[in-house]
Amino acid sequence: MDSYYPPIKYVISGHEEGMLLKTILQQRMGVSRKLLSRLKLTEKGIMLNGERVYISVKVKTGDVVEIRMEQERSDDILPQPMDLDIIYEDEFILVLNKPAGVIVHPTHGHYTDTLANGVVHYWLQKGWNYRFRAVHRLDQETSGVLVIAKNPYVHQHISEQMIAGTVDKRYVAFVHGRPEPADGDIDGPIDRDPLEPHRRIVTPSGYPSLTRYKLVAAYRDASLVELKLETGRTHQIRVHMLSIGCPLIGDPMYRHPVYSRVSGAEWASSANTDPLPPVLYEKVARLDERIGRQALHASSLTLVHPMDGRTVQFRAPLPDDMNRLKAWLQEAERARS
């Protein structure tokens, strides 16, 4: 069995004649210095017209450059049978619809029941050798589109798109209240909460963070919004929506401020000057109880395929629990009318 992945080829054009092979690899094929170092140490890593050569040679019109990466396996990840909702797959990428409640990658103290365990098992059953390389992460309780690269070259190129901000990531969420204005940008720097380091907060000293939102549907006490991430900070959507007074329904970490201010009977007896009515606590709690996690779903992701330059979009339909929440909100609206 071939120990290499299929070669990635590049044909030299007329205006490139006389260039160094190193220049072609780095500037035309986009091979990173790290990957280039690996390829140079691999027997068939860098080939010109079927022969192994030094990267200092000059190329000619019509020359065929090939790079080959050795097959890899995630031997540090335990294979585990798991139902996978595959949106798309080719020999370079795997795109999944991640269910809520599943961690993407094993962490300290959590070595099984992750998406990586299921993917590694799926590949082994197919007789394929790939190393698990998630291009991005989704929180454990966030569902939706997740892209996995099958080799380091593809991972590098999609990661570069992520860093450059050219990957279009769209989410949908159910939130408390109604954002004002209906469409807008949340430009709030994010960093760790010094009192609770596992949480994030909007703070002037934080890292630049930008979320664009659009109201899709308004209900009496809640809204359905579409969100586009322009940056990729940890918990960004959850932190930003809380910062404008519209926390995600069901979010146990970034909860509605009513929980921390006062609750139940204490609300009526407190020196509360908030203009919202005393029943706010009950309304918020009732909504949160309708779903067992933050109502956030990665609905689509658009990127340029590293191998052929196509712009590809992957979509994941609204999951059952969020559809049930939507139906309940719609029914409640009809009952009030």
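The paragraphs below walk through the predicted model, from the whole chain to its sheets, core and largest pocket.

This is a predicted model, in which local features need pLDDT of at least 70 and side-chain atom pairs count only at pLDDT 80 or more, while totals for chains, interfaces and linings use all residues. Residues are numbered from 1 along each chain as its sequence is written, and side-chain values use heavy atoms, with hydrogens and water left out.

**The chain as a whole**

Along the principal axes, the C-alpha atoms of the chain fill a box of roughly 80 × 40 × 40 Å. The chain's secondary structure consists of nine helices and 16 strands; these are DSSP runs numbered from the N terminus, with helices being H or I runs of at least four residues and strands E runs of at least two. Of the 337 residues in the chain, 47% are buried. Here, buried means under 20% relative accessible area, exposed means over 50%, and partly exposed lies in between, using a 1.4 Å probe and protein chains only. Contacts (heavy atoms within 4.5 Å) can also be sorted by distance along the sequence. Among those between residues at least 6 apart, 66% join residues at least 24 apart.

**Strands and their partners**

Two strands are said to pair if DSSP finds at least two bridges between them. A good place to begin is β9, a strand spanning 168–176, with eight of its nine residues buried. Strand β15 (residues 296–304) runs antiparallel to β9 and is joined to it by six bridges; there, Y171 stands opposite A298. Strand β14 (residues 222–229) is also antiparallel to β9, this time with eight bridges, and F174 has L224 of β14 as its bridge partner.

From β14 the pairing can be followed to β13. These two strands form a hairpin with three residues between them, and seven bridges join them in the antiparallel sense. Strand β13 (residues 210–218) also pairs with β10 (residues 183–187), again antiparallel, over five bridges. R212 of β13 is a handy landmark: D185 stands opposite R212, and K228 in β14 is a bridge partner of R212 too.

Elsewhere, four strands make up an open antiparallel sheet in the order β1-β4-β2-β3. Its edge strands, each pairing on one side only, are β1 (8–11) and β3 (51–52). Strands β2 (residues 46–48) and β4 (residues 64–67) are linked by three bridges, and M47 faces E66 across this pairing.

**The nonpolar cores**

In soluble globular proteins, nonpolar side chains tend to be buried together. A nonpolar core is defined here as a set of buried Ala, Val, Leu, Ile, Met, Phe, Trp, Tyr and Cys residues joined through side-chain atoms within 4.5 Å. The largest one has 50 residues, and L25, M29, F132 and M241 touch the most other members. Helix α3 (residues 115–126) gives the most to this core, contributing six residues. Leaving out residues up to four places away in sequence, M241 touches V175, I186, V225, L227, C246, P247 and L248. A second, separate core has 16 residues, among them F92, V147, V154 and V167.

L25 also appears in the surroundings of G30, a residue in the loop between α1 (21–28) and α2 (33–40). Apart from neighbours within four places in sequence, G30 is in contact with L25, Y153, Q156 and H157. G30 is buried, with a relative accessible area of 17%. Although G30 and P306 are 276 residues apart along the chain, their C-alpha atoms are separated by 9.8 Å.

**Helix α5 and the largest pocket**

Six of the eight residues of α5 are buried, so this helix is largely enclosed by the rest of the structure. The buried ones are Q236, I237, R238, V239, H240 and M241. Just after α5, G245 takes a positive phi of about 85 degrees.

The same helix, α5, gives three residues to the lining of the largest pocket, the largest share of that lining. On a 1 Å grid over the protein atoms alone, a pocket is an open set of points where a 1.4 Å probe fits, with protein on both sides within 12 Å along at least five of seven lines; lining residues have an atom within 4 Å of a point. There are 29 lining residues, and R137, L138, G232, R233 and T234 lie nearest the pocket's centre. Both β9 and α5 give two or more residues to this lining.
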